[in-house]
Amino acid sequence: MRLATWNVNSVKVRLAQLLDWLAAAKPDIACLQELKTEAAKFPRAELEAAGYACAVNGQKTYNGVAILSRAPPAEVLADIPGFADEQKRVLAATVNGVRVVCVYCPNGQAVGSDKYQYKLRWFAALRDYMESELAKYPRLAVAGDFNVAPEDRDVHDPKAWEGQVHVSEPERAAWRALLALGLQDSFRLFEQPEKIYSWWDYRMLGFRRNAGLRIDHVLLSGELARGCASSGIDKAPRKLERPSDHAPAVAEFS
DNA sequence: ATGGCTACGATCCGTAGA
């Protein structure tokens, strides 16, 4: 089974690229973030015509997540139960016996800001939610834009980023708290080339300079990690005209 | 030099992203 996650930065603007990428990459499941579209305006018909069922937790202008799947999704659940939040960042569904949780973690804006505090509270709620999901679903994948670069090797210039949002110690501790539940970063299950990232700033020729961060991740429960055959970043869509600033992360497992 | 793009929903700029 091939599972991908992609922050499309507006599903409306990126629809043609999304359809091309689905045809080329052929994921069985695709988690999407930053739809910036309410569910009623989600391009469901186009994606169904491409062979994907759609579960959508949409929001106008900001946020919004979806799970696309070849097989129909079951047990669809939006948001984090018990965590009051207007922002549509989380969607879970069961596909082919795999529990899939699509996440768009908060950006955090700046260390110490209100949004940063929200980011840390949000991660604490996600941790508790994933703990309960793992107890119910041994075959669990958590995929999305985490807005955390877990280690310095996931950062193009660790010195310049030191202490900044996305790499600060409390954020990395929140990431490690997910791993402590038994989730594994599928990317690090394998030998990887250096300087592999999933996001590059639109400004400063970020992509051309490979000035990026690895912040889009596929986490797998122990049972799925044991059957994981590959995990990587698909840079192809980032090379197109008018791209998303994120590239898809793709993991294959049995 | 703390900016530099891009998307959105509102106008002819502000908010947000990361």
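The exercises below, each with a worked solution, concern a predicted model.

**Exercise 1. The sheet and its edges**

Work out the strand order of the open six-stranded sheet, and explain why one side of β3 and one side of β13 have no neighbour in the sheet.

Solution. Begin with the order, which reads β3-β4-β2-β1-β14-β13 in an open sheet of six strands with mixed pairing. Next, look at the two ends: β3 (53-57) and β13 (228-233) stand at the edges and have a single partner strand each, so one side of each is left without a neighbour in the sheet. Neighbouring strands of this sheet are, on average, turned by 10 degrees against each other when direction is ignored. Finally, turn to the pairing at one edge, where β3 and β4 (residues 65-69) run in the antiparallel sense and are joined over five bridges; there A53 stands opposite S69 in β4.

**Exercise 2. The two sides of α5**

Determine which residues of helix α5 (residues 169-179) are buried, and what covers them.

Solution. The buried residues in α5 are E171, A174, W175 and L178. Viewed down the axis of α5, these buried residues fall within an arc of 100 degrees, and therefore they line one face of the helix. On the other side of α5, E169 and R176 are exposed. The cover over the buried residues includes α3 (114-136) and β12 (216-220).

**Exercise 3. The surface near DNA strand B**

Identify the residues that come nearest to DNA strand B, and classify the surface near this strand.

Solution. Of the 22 residues around DNA strand B, those that come nearest are S10, T61, N107, Y202 and R203. Sorted by character, the residues of this surface divide into eight charged, eight polar and six nonpolar.

Conventions. Residues are numbered from 1 along each chain as its sequence is written. Chains are lettered from A and ligands numbered from 1 in the order in which they are written. This is a predicted model: local features need pLDDT of at least 70, side-chain atom pairs count only at pLDDT 80 or more; totals for chains, interfaces and linings use all residues. A residue is near a molecule or strand if its C-beta atom, placed from the backbone, lies within 6 Å of it. Ala, Val, Leu, Ile, Met, Phe, Trp, Tyr, Cys and Pro count as nonpolar, Asp, Glu, Lys and Arg as charged, and the others, Gly among them, as polar. Two strands pair if DSSP finds at least two bridges between them. Helices (H or I, at least four residues) and strands (E, at least two) are DSSP runs, numbered from the N terminus. Axes are lines fitted to C-alpha atoms, for helices over the stretch in contact, and angles run from 0 to 180 degrees between N-to-C directions. A residue is buried if 20 or more other C-beta atoms lie within 10 Å of its own, exposed if 12 or fewer, and partly exposed in between; C-beta atoms are placed from the backbone. The arc is that of the directions from the helix axis to the C-beta atoms. Two residues are in contact if their C-beta atoms, placed from the backbone, lie within 7 Å.
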